[in-house]
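Student: I am new to this structure. Please take me closely through one part, the protein surface beside the DNA.

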Amino acid sequence: MARKNNDAPNKRVMNKGAWTAEEDRKLAQYIEAHGAKRWKSVAIKAGLNRCGKSCRLRWLNYLRPNIKRGNISNDEEDLILRLHKLLGNRWSLIAGRLPGRTDNEIKNYWNSHLSKKIRATSTKLESIPQETHDTKPDPMDTRQSESSEVDFDISDFFDFTAEGCYGLEWVNKFLELDQSNVIN
DNA sequence: AACGAAGTCAACCGCTAATTT
DNA sequence: GAAATTAGCGGTTGACTTCGT
C-alpha cells in the first residue's frame, strides 16, 4: 500500500501511504482532546508528519467513532441503489443516509460490486422485449441514471441540512414516490 | 507450486466551495 | 471586495489479495 514519496528534495517531506498504528493513535488522541477542525494544525500539533488532508481522510474513513466496516447488508445495498438512482454519484450525500458508512466505502462498494451487478442486469434486460421494462423499470437499471435524472432540485425536496436526517422518514418519502412512479 | 489476471479498498490528487483574514 | 486559507468532494491510483490456469 505504501506509495512512493517523490516530493521535491528541498521541501519538507511528508509521510504518505498506509498509516501506522502509532500515527492512528496520535491522531485519535489529539482529536479526542481538541476536536476535529483545522486539519493542518491537527497534523502539526499531533506530531504527525502528514498533510492535513491525509489526517482528515484517515479520521473520517477509519478512526471516527461509530464507523461500520465491511458487510454491507441487503437493506443497505438496496438503499444505496435507490439513492444512487436519485442522487447520482453524490457519494457523500448517499453516505449521509447510511449511518456509520463513509463516502469512500460506498464509492468503492459501488465501483466494485454494484456497478457490475447493474451491468449484468441491464445486459439481461436488453434481451427482453422493449415494452416489459418500459412499464416497470427495474430498480437495478441505472442506465438512464448514471447521473441523477430527476427533474426537480433534490435539495428543495429534501432538507439535507436538517439534524437527525439519518432517520428513515425522508427515505420512506422517496421510496413512496419511487413506488408511485412504478405504478404510473 | 508458480504465475498472471482480476478484484478490492485505502489513500492520494485536483478541483471547487466555503470561510477567514 | 480581494486574497489566502481551509474543508470537502469525486475521481483515480496502486499495493495487496484472491482466483483461475
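**The surface near DNA strand B**

Tutor: Start with the backbone at Gly17. In this predicted model, one of its backbone N or O atoms sits 2.8 Å from a phosphate oxygen of DNA strand B. Now turn to side chains. Arg58 has a side-chain N or O atom 2.4 Å from a phosphate oxygen of DNA strand B. Arg69 also approaches a phosphate oxygen of this strand, with a polar side-chain atom 3.0 Å away. Next, look at the elements behind this surface. Two helices give two or more residues each to the surface near DNA strand B: H3 (52–63) and H6 (103–126). H6 supplies the largest share, five residues.

Step back to the whole surface. There are 18 residues around DNA strand B. Those that come nearest are Lys16, Gly17, Lys53, Arg58 and Lys116. On the DNA side, sugar and phosphate make up 61% of the strand B atoms that come within 4 Å of the protein. Sort the protein residues by class, and eight are charged, six are polar and four are nonpolar.

Finally, place this on the chain. An unreviewed UniProt entry lists "domain: HTH myb-type" for residues 11–63 and for residues 64–118. Take the stretch 64–118. Helix covers 65% of this stretch, and strand 0%. The C-alpha atoms at the ends of the stretch lie 31 Å apart.

To retrace the route, begin at the Gly17 backbone. Go on to the side chains of Arg58 and Arg69. Then find H6, with its five residues on the surface near DNA strand B.

Technical notes
Residues are numbered from 1 along each chain as its sequence is written. Chains are lettered from A and ligands numbered from 1 in the order in which they are written. This is a predicted model: local features need pLDDT of at least 70, side-chain atom pairs count only at pLDDT 80 or more; totals for chains, interfaces and linings use all residues. Side-chain values use heavy atoms; hydrogens and water are left out. A residue is near a molecule or strand if one of its heavy atoms lies within 4 Å of it. A polar contact is a pair of N or O atoms within 3.5 Å; within protein, one must be able to donate a hydrogen and the other to accept it, and residues adjacent in sequence count only if both atoms are side-chain atoms. Helices (H or I, at least four residues) and strands (E, at least two) are DSSP runs, numbered from the N terminus. Ala, Val, Leu, Ile, Met, Phe, Trp, Tyr, Cys and Pro count as nonpolar, Asp, Glu, Lys and Arg as charged, and the others, Gly among them, as polar. UniProt positions are given in the numbering used here, feature names are shortened, and annotations may be inferred rather than shown by experiment.
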